[in-house]
Amino acid sequence: MSDVPGGQPTDSALDPAPERIREMGAAAVEWAAAYQEGIRDLPVAPRTSAAELKAQLAEPLPAEGRDFEALMERFRDVVVPGSRHSGHPRFFGYVSAPGVAVASVADFLASALNANLPAWRSAPAPTELEHVAVDWIRQALGCDEGAGGLFTSGGSMANFTALAAARHRHCGDEVAAHGAAAHPKPLRIYTSAEAHHSIHKAAALLGIGRANVREIPVDERFRMRVDALSRAIEEDRAAGLDPFCVVASAGTVVTGAVDPLASIAAVAQEHDLWLHVDACYGGFARLAPSARPLFDGLSEADSIALDPHKWLYLPADVGCLIYRNPEQVKGAFALGADYTRVLHSEPAEAFAFWDYGPDLSRRFKALKVWMTIAHVGADAMGEAIESNLDRARHAAALIDDSDDFELMAPVELSIFCFRHVPASMRGRALSDDEERELDKLNERIMLTLQQAGSSYLSNASIHGRFALRGCVLNYRTTRHDMEILLDDVRGAAATVPPP
Ligand SMILES: Cc1ncc(COP(=O)(O)O)c(C=O)c1O
């Protein structure tokens with residue numbers, strides 16, 4: 001509300017009266033509460049098309065504004081039914097969080113406060129809160145005091161930022177000033193053949209080149225083979241290439257494999273390479289007692305990428321990057337300009353996030369992370385993650401006990417990969433042609449399942465074969481949901497003609 005000459009308060013779309021803000025908020029909160037209440041009864045994915053949605057949504061630039069009620073109606077009637085509901089307890093696709101309610105409230109508050117966090121001076125308390133929330137994550141991971149970092153848009157950006165820091169430690173200012181061509185030898189990154197493609201993308205964007213990401217073979221549990229890693233580094237050095245970084249995965253996106261972190265850390269140390277761990281999917285599983293031993297060695301990493309918008313259950317978007325030694329990375333990002341000159345002398349007040357990553361303006365993502373952890377507590381979070389692990393193991397046991405499904409990879413965390421095998425193909429070796437038919441059959445089963453709307457799986461390629469892939473990442477998912485899922489897959493298979 002603003003005053004116009006004459007002292008009358010205004011009430012416009014740009015500057016609404018407090019009463020209007022209360023009305024808008026009440027309508028939004030009412031919708032959010034009802035949505036959470038009824039989410040189990042919604043079809044998991046919409047039955048719609050781009051053409052249908054465009055017909056409902058496209059319109060010319062509006063010259064005149066319209067009432068909030070009309071916009072809310074469009075949201076309720078078109079946007080919601082045209083959305084996939086990742087918070088549904090039987091949404092098992094990709095790596096998607098349900099979006100915990102307290103975080104959606106925090107997102108609203110962050111926008112209402114409109115804090116922007118490039119530096120302490122821009123947002124003193126929000127900056128301190130980001131330090132607190134990042135430090136809680138550091139503690140959850142078991143990293144040493146002194147490690148610290150920042151929130152990012154997501155895991156891809158956290159991986160990109162870590163590789164930029166790693167490259168700078170190795171190459172110094174020369175590459176920052178003159179570009180990748182200023183470095184005398186091709187730089188090499190090592191990661192497993194199962195690593196997320198954001199590593200390759202970062203290498204491309206940083207001028208290192210996708211071809212210089214050397215993929216190390218994996219063992220029978222899809223974990224990086226440490227002997228092959230050592231050999232690859234030695235071969236490359238002998239060939240005149242310049243190894244500088246190893247990227248281990250703590251939860252691969254396809255099967256959830258956690259690389260042997262302690263052994264990889266020892267190799268990285270021996271060869272003086274930066275160790276980055278992509279823990280975007282798996283990292284928070286360290287809070288679950290049954291998974292904790294998998295993360296031994298994580299604290300040795302120079303950097304760790306995480307995604308609170310995955311297994312901390314938060315709504316998108318928020319990623320996180322933790323550096324073991326934050327002060328060491330500043331050279332990679334610091335750039336002097338008059339508008340970034342910090343005049344505070346107290347170090348905590350001279351702090352700027354732009355020294356630790358590429359962004360200048362930054363949303364107050366820390367509020368939703370802080371509110372979620374503080375409201376739920378680490379113990380309850382660990383129990384929820386443990387329940388997700390249990391559901392995936394339960395599905396694996398049901399699959400193993402069945403005669404119409406086949407598990408295609410070990411269940412390491414909460415991802416399970418399997419396929420339907422029709423009676424005519426069971427209990428014998430299949431020819432290549434039959435394998436291809438089985439791929440097509442399972443692909444059709446997945447599409448039918450997704451259309452039906454009771455459960456949702458995505459797909460993966462395991463040893464070149466099509467797999468139905470599920471990832472349990474929702475505190476609402478029960479063991480019974482896993483049984484319903486398998487029945488839904490059977491129902492889909494019954495409607496798809498066998499090869
Ligand atoms: C292992 C892993 N790394 C990185 C990413 C990328 O994360 P984001 O989608 O937040 O960019 C993902 C996403 O699924 C992932 O599973």
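**Exercise 1.** In which loop does Asp317 lie?

*Solution.* The model examined here is a predicted one. Step one: locate the neighbouring elements; Asp317 belongs to the loop between helix H11 (308–311) and strand S7 (319–323). Step two: inspect the backbone; the peptide bond from Ala316 to Asp317 is cis, with omega near 0°. Step three: recall the general rule that most peptide bonds are trans.

**Exercise 2.** Determine where Asp272 is found and describe its phi angle.

*Solution.* Asp272 sits in the loop between helix H10 (261–270) and S5. Its phi is near 55°, which is a positive value in a residue other than glycine. For comparison, most residues other than glycine have a negative phi.

**Exercise 3.** State how many helices and strands the protein chain has, and describe its overall dimensions.

*Solution.* Begin with the secondary structure: the protein chain contains 17 helices and 11 strands. Next, consider the radius of gyration, which is 25 Å and close to the 23 Å that the globule rule gives for 499 residues; the chain is therefore as compact as a globular protein of that length. Finally, along the principal axes, the C-alpha atoms fill a box of roughly 90 × 60 × 45 Å.

**Exercise 4.** Give the strand order of the open sheet of 7 strands and identify its edge strands.

*Solution.* First, the order is S1-S7-S6-S5-S4-S2-S3, with mixed pairing. The edges are formed by strand S1 (148–152) and S3, each of which pairs on one side only. From one strand to the next, the twist averages 20°.

Then examine individual pairs. Strand S5 (residues 274–278) and strand S6 (residues 303–306) are parallel and share 3 bridges; Ser303 in S6 is the bridge partner of His276. Strand S2 (residues 187–192) and strand S3 (residues 213–216) are also parallel, joined by 4 bridges, and Ser192 stands opposite Ile216 in S3.

**Exercise 5.** Trace the connection from S2 to S3, and describe how helices H8 and H9 lie on the sheet.

*Solution.* The chain leaves S2, passes through helix H8 (residues 197–205) and reaches S3; this β-α-β crossover is right-handed. H8 lies across S2, S3, strand S4 (242–249) and S5, and runs at about 160° to S3. Helix H9 (residues 226–238) also packs on the sheet, where it touches S2, S3 and S4, and its direction makes about 145° with that of S3.

**Exercise 6.** Describe the open sheet of 4 strands and the helix that packs on it.

*Solution.* The strands follow the order S8-S9-S11-S10, and their pairing is antiparallel. Strand S8 (405–407) and strand S10 (458–462) are the edge strands, each pairing on one side only. The twist averages 45° from one strand to the next. Between S8 and strand S9 (residues 415–420), which run antiparallel, there are 3 bridges; Glu406 stands opposite Arg419 in S9. Helix H15 (residues 378–401) packs on this sheet and touches S8, S9 and strand S11 (465–471), its direction making about 25° with that of S9.

**Exercise 7.** Which residues come nearest to the ligand, and how is the shell around the ligand composed by class?

*Solution.* Of the 13 residues around the ligand, those that come nearest are Gly154, Gly155, Ser156, His196 and Cys280. Sorted by class, the shell holds 4 nonpolar, 7 polar and 2 charged residues.

Terms used: Residues numbered from 1 in each chain as written. Predicted model: local features only at pLDDT ≥ 70, side-chain atom pairs only at ≥ 80, totals over all residues. Near = placed C-beta within 6 Å. Nonpolar A, V, L, I, M, F, W, Y, C, P; charged D, E, K, R; others polar. Pairing = 2+ DSSP bridges. Helix = DSSP H or I, 4+ residues; strand = E, 2+ residues; numbered from the N terminus. Axes fitted to C-alpha atoms, helices over the stretch in contact; angles between N-to-C directions. Contact = placed C-beta atoms within 7 Å. Right-handed = clockwise from strand over helix to strand, strands pointing away. Rg over C-alpha atoms; globule rule 2.2 N^0.38 Å.
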